[in-house]
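User: Please take a close look at the nonpolar interior of this chain, and place it in the setting of the whole fold. I would also like to hear about any backbone positions that stand out.

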Amino acid sequence: MKTYTVYTDGSFGDNGEVHGGIVYWKDEAPSSKVHVMSKRPEFVSMRNVGGEVLAAWAAIMSVANAVKEENESTGLETYEMNLIYDYKGLGCWLTHEWKTNKVATQWFVKSIERILSAVPNLKVNYIWVKGHADTSGNNHADLVASYDMRYCKMENIPICDLDSVIDL
């Protein structure tokens, strides 16, 4: 079984944007990083949580796509994804422990369910870690999510504007 480990975090900028950091983890270290952002009011109103929602969505979407590609060449092996985040509600929405009262959270849960139903051999484990508790992966995701994007620019981390791909 192949396991993907991904850390996400979110941040909020003063200029009406939300930002998210995605850190793909392999062999005890980051293997790749992506910064996502949006100006959509449905996410901006949620501040840093909106950024983390987008980061988690993009992370699950990317791993699901990788598994689909691998399915074509290797068949239906079992895959697992550990999605590690520091906003507890993220997993609570996805496991239906919490209600989704906002347009953005409703979209998030429905979209993730649709993505995962297309890849039945991918199991996602939702793992909450306390923010700023010195978890190495979470610290990296926090840096990548930073709204000033200084770290991303210094490290040549891709910055993706998700506004054109989100369909609320």
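Analyst: A residue is called buried here when its relative accessible area is under 20%, exposed when that value is over 50%, and partly exposed in between. The model is a predicted one, and by this cut-off 49% of the 168 residues of the chain count as buried.

The setting comes first. The chain holds six helices and six strands, which follow one another along the sequence in the pattern β-β-β-α-α-β-α-α-β-α-α-β. Its radius of gyration is 15 Å, which agrees with the value near 15 Å that a compact globule of 168 residues would have, and the C-alpha trace spans about 45 × 35 × 30 Å along its principal axes. Among contacts between residues at least 6 apart in sequence, 68% join residues at least 24 apart.

Turning to the interior, the largest nonpolar core has 42 residues, and the members that touch the most others are Ile-22, Met-81, Leu-83, Phe-108 and Leu-122. Helix H2, which covers residues 48-74, supplies the largest share of this core, with 12 residues. Leu-122 shows how distant parts of the sequence are brought together, for once its neighbours within four places in sequence are left aside, Leu-122 is in contact with Val-63, Ala-64 and Val-67, with Tyr-79, Glu-80 and Met-81, and with Leu-116. Another core lies apart from the largest one; this other core has 10 residues, and Tyr-7, Val-23, Tyr-151 and Cys-152 are among them.

Two backbone positions deserve attention. Met-149 lies in the loop between helix H5 (136-145) and helix H6 (150-155), and its phi is near 60°, a positive value in a residue other than glycine. Because its relative accessible area is 13%, under the 20% limit, Met-149 counts as buried. Arg-47 likewise is not a glycine and has a positive phi, of about 55°, and it is found in the loop between helix H1 (41-44) and H2. With a relative accessibility of 47%, however, Arg-47 falls between the two limits and therefore counts as partly exposed.

As for the surface, the chain exposes about 8,600 Å², of which carbon and sulfur atoms supply 49%. The chain carries 16 positive and 22 negative charges, and the mean positions of these two groups are 5 Å apart.

Methods:
Residues are numbered from 1 along each chain as its sequence is written. This is a predicted model: local features need pLDDT of at least 70, side-chain atom pairs count only at pLDDT 80 or more; totals for chains, interfaces and linings use all residues. Side-chain values use heavy atoms; hydrogens and water are left out. Helices (H or I, at least four residues) and strands (E, at least two) are DSSP runs, numbered from the N terminus. The radius of gyration is taken over C-alpha atoms; the globule rule is 2.2 Å times the number of residues to the power 0.38. Buried means under 20% relative accessible area, exposed over 50%, partly exposed in between (1.4 Å probe, protein chains only). Contact means heavy atoms within 4.5 Å. Accessible areas come from the Shrake-Rupley method with a 1.4 Å probe; for residues, only the protein chains shown count as cover. Lys and Arg count as positive and Asp and Glu as negative; His and the chain ends are not counted. The place of a charge is taken as NZ of Lys, CZ of Arg, CG of Asp or CD of Glu. A nonpolar core is a set of buried Ala, Val, Leu, Ile, Met, Phe, Trp, Tyr and Cys residues joined through side-chain atoms within 4.5 Å.
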